[in-house]
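Biologist: I'd like to see how labels get attached to a model. Can we go through a few together?

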Amino acid sequence: MFKILRMHHVGMIGLGWVGLGMAYVDSSPTPSAAVCCEAARTKTHEHASSRPCFSSSYGVVSLSSKDGKMGIPTDKLSCHQNRREQQPVVLVSCGSFNPPTVAHMRVLELVRDEYMRRGIDVYGAYMSPVHDAYGKESLISGEHRLAMCHLASESSDFIMTDPWEVSQNGYTRTLYVLESIDRRLKEAFRADEGQIVEIPRTVLVCGGDVVESMAKPDVWDQKLLEKLLCDHGVACVVRSGVCIENVLDKQGTLLHKYRDAVVVVENGDEALQGVSSTGVRGQVRRGESPTDGVVHPAVVKYIKDNGLYT
């Protein structure tokens, strides 16, 4: 039978990001975005002794399981040996992905590198497109955004796309998205016989703007936020030179109370600072092609083939 190993949470680490688009502003891209983005797509991480989390006969969890509940992709989940100091994690990025850009992918890579540097194994990562009911301006249908996320993550060795959130009947709070992925991953691990691996916990990946919003009680439900910080944690990716510590150190807030649950990761890729989904939509609307390398070629083709953002 499949054996589950449980590990004590030591120094919760995670990422925060709700169903909001991550902001990438300022700075002109130098070196070229094309060079940097191509490197992000093709970079191979040399994490030694990696192996699939599931037996070769198991493959991908069906997205339509027997009991009618939605499964979850698992084909890219990998365990890395000699990294057992703390409970392993799976990264989750929730957002509009309207459309997904190389910056969305690079953020997950940066966070993975930081966790692995700290001796915490990263099994994989998921992009979770927000439901149409989120109502953000210019938000196209979830069907298109889901398809583009699949295309954008196709060449990644660890990033997958989870369709659960966008397939619900309405908008779902971030905590419930993380809990759903947690639950379905546990079911998947328990269903696979012959493997001995630790069950990972999910952590939320986000930008500094989202962490700042967590300090505002009128934006985040405080009970849900506390549970998110306690059970999952937040990994906040910020641009070089941006200080988020003043937000985390503000006394009387949940962020201050659970300061150890938030890890700040610096994004030093200057070429990605000006990359944004808003910018891509604007280029398409003006009849221009997205800047070379900012959006995966397959996503660019999908946008053109389906007449999106015009």
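Biologist: At roughly what angle do the axes of helix H3 and helix H10 cross?

Modeller: One thing up front: this is a predicted model, where local features need pLDDT of at least 70, side-chain atom pairs count only at pLDDT 80 or more, and totals for chains, interfaces and linings use all residues. Residues are numbered from 1 along each chain as its sequence is written, and side-chain values use heavy atoms, leaving out hydrogens and water. Now, the axes of H3 (residues 142-153) and H10 (residues 297-305) come within 8 Å and cross at roughly 155°. Axes are lines fitted to C-alpha atoms, for helices over the stretch in contact, and angles run from 0 to 180 degrees between N-to-C directions.

Biologist: Why is H3 called roughly antiparallel to H10?

Modeller: Angles over 145 degrees count as roughly antiparallel (under 35 is roughly parallel, 65 to 115 roughly perpendicular, the rest oblique). The angle here is roughly 155°, so H3 gets the label roughly antiparallel to H10.

Biologist: Which residues of H3 and H10 meet?

Modeller: Contact means heavy atoms within 4.5 Å. On the H3 side you find Glu 143, His 144, Ala 147, Met 148, Leu 151 and Ala 152, and on the H10 side Ala 298, Val 299, Tyr 302 and Ile 303. By class, that contact has eight nonpolar, one polar and one charged.

Biologist: How do you know that Arg 112 lies over the face of Phe 158?

Modeller: The rule wants CZ of Arg (or NZ of Lys) within 6 Å of the ring centre and within 35 degrees of the ring normal. Arg 112 is at 3.8 Å from the ring centre of Phe 158, and is listed as lying over its face.

Biologist: What is special about the peptide bond from Asn 98 to Pro 99?

Modeller: That bond is cis, with omega near 5°. Pro 99 is in the loop between strand S4 (89-95) and helix H2 (102-117). Phe 97 lies in that loop between S4 and H2 too, and has a positive phi of about 50° although it is not a glycine.

Conventions
Helix = DSSP H or I, 4+ residues; strand = E, 2+ residues; numbered from the N terminus. Nonpolar A, V, L, I, M, F, W, Y, C, P; charged D, E, K, R; others polar.
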